[in-house]
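Q: Can we walk through this one feature by feature? Give me the general idea each time, then the case at hand.

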Amino acid sequence: MERIIIYGSQYGSTQRYAKRLSQQTGIPAVNYKETPELSDVKTIIYLGGLYAGGVLGLAKTLRKISTEKVQKLILVTVGLADPEEQENKDNIRASLQRQISPELFGRTKIFHLRGGIDYQKLSFGHRTMMKLLYQSLHRRPWETQTAENRAFMETYGKQVDFTDFGALEPIVQEIHRGTI
Ligand SMILES: Cc1cc2nc3c(=O)[nH]c(=O)nc-3n(C[C@H](O)[C@H](O)[C@H](O)COP(=O)(O)O)c2cc1C
């Protein structure tokens, strides 16, 4: 197997994107917790939910692969923050750069998708984290908040879903580019 889609998803948005991408490309999609042997894999398409800036399951997956053999990493983050905002994109990229070795980062294509959140479905730990974050941000003036924090505060406690399967198109194109 030369190409594989691997995903890290806690509440399902990233899994839905990964399964749709798999249907569109014919590349198998697996949960990062169930990744098979990856020694022959040349292209990894990794989709991961963003959790406090980190990509769910990415570190664990990268530990399993040999950086020299993987020719290309297509990395797709799924988060709440709007990736159309340059500031959000810059923050995510800076954080990714800390999670991937410089060698592999040079062979990495990055994409950002938007997921969703349903506060009623969050685990106790996640709900507590979000509450503490909300309480600390709430005290600061709105004008001084980053775009990411504003989006977080606007959606706090609600159920929102920004999933847009159409946003997979540039990723499908990038995957096909590698096969021509
Ligand atoms: C504890 C927690 C931390 C989060 N941190 C971020 C974040 O740093 N940036 C972001 O854009 N979204 C963040 N989110 C939102 C998730 O990335 C979003 O809900 C995404 O759709 C989750 O993917 P999943 O449903 O596949 O698990 C966070 C959500 C939770 C519950």
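A: Sure, let's begin with burial: a residue is buried if 20 or more other C-beta atoms lie within 10 Å of its own, exposed if 12 or fewer, and partly exposed in between, with C-beta atoms placed from the backbone. Keep in mind that this is a predicted model, where local features need pLDDT of at least 70, side-chain atom pairs count only at pLDDT 80 or more, and totals for chains, interfaces and linings use all residues. Residues are numbered from 1 along each chain as its sequence is written.

Q: Is Ala-52 buried or exposed?

A: Ala-52 counts as exposed, because it has 7 C-beta neighbours inside 10 Å. Ala-52 sits in the loop between β3 and β4 (54-55); helices (H or I, at least four residues) and strands (E, at least two) are DSSP runs, numbered from the N terminus. Ala-52 also has a positive phi, about 50°, although it is not a glycine.

Q: What about Ile-175, buried or exposed?

A: Ile-175 is buried, since 22 other C-beta atoms lie within 10 Å. Ile-175 belongs to helix α7 (residues 169-177). From Ile-175 to Arg-3 is 172 residues in sequence, but 9.5 Å in space, C-alpha to C-alpha.

Q: How many of the chain's 180 residues, in percent, count as buried?

A: Over the chain, 24% of the 180 residues count as buried.

Q: Which residues of α1 are buried?

A: In α1, Ser-13, Thr-14, Tyr-17, Ala-18 and Leu-21 are. They cover an arc of only 130° around the axis, which puts them on the same side of α1; the arc is that of the directions from the helix axis to the C-beta atoms. Just after α1, Gly-26 has a positive phi of about 75°.

Q: Which residues are closest to the ligand?

A: For a shell, a residue is near a molecule or strand if its C-beta atom, placed from the backbone, lies within 6 Å of it. Here 23 residues surround the ligand, and the closest are Ser-9, Thr-14, Gly-49, Gly-79 and Gly-115. Elements that give two or more residues to this shell are α1, β3 (43-51), β5 (72-79), β7 (116-118) and α5 (124-138).

Q: Where does the ligand lie with respect to the domains?

A: Domain bounds come from an automatic or database domain assignment. Domain 1 (3-115 + 163-177) and domain 2 (117-161) both give residues to the shell, so the ligand lies between them.
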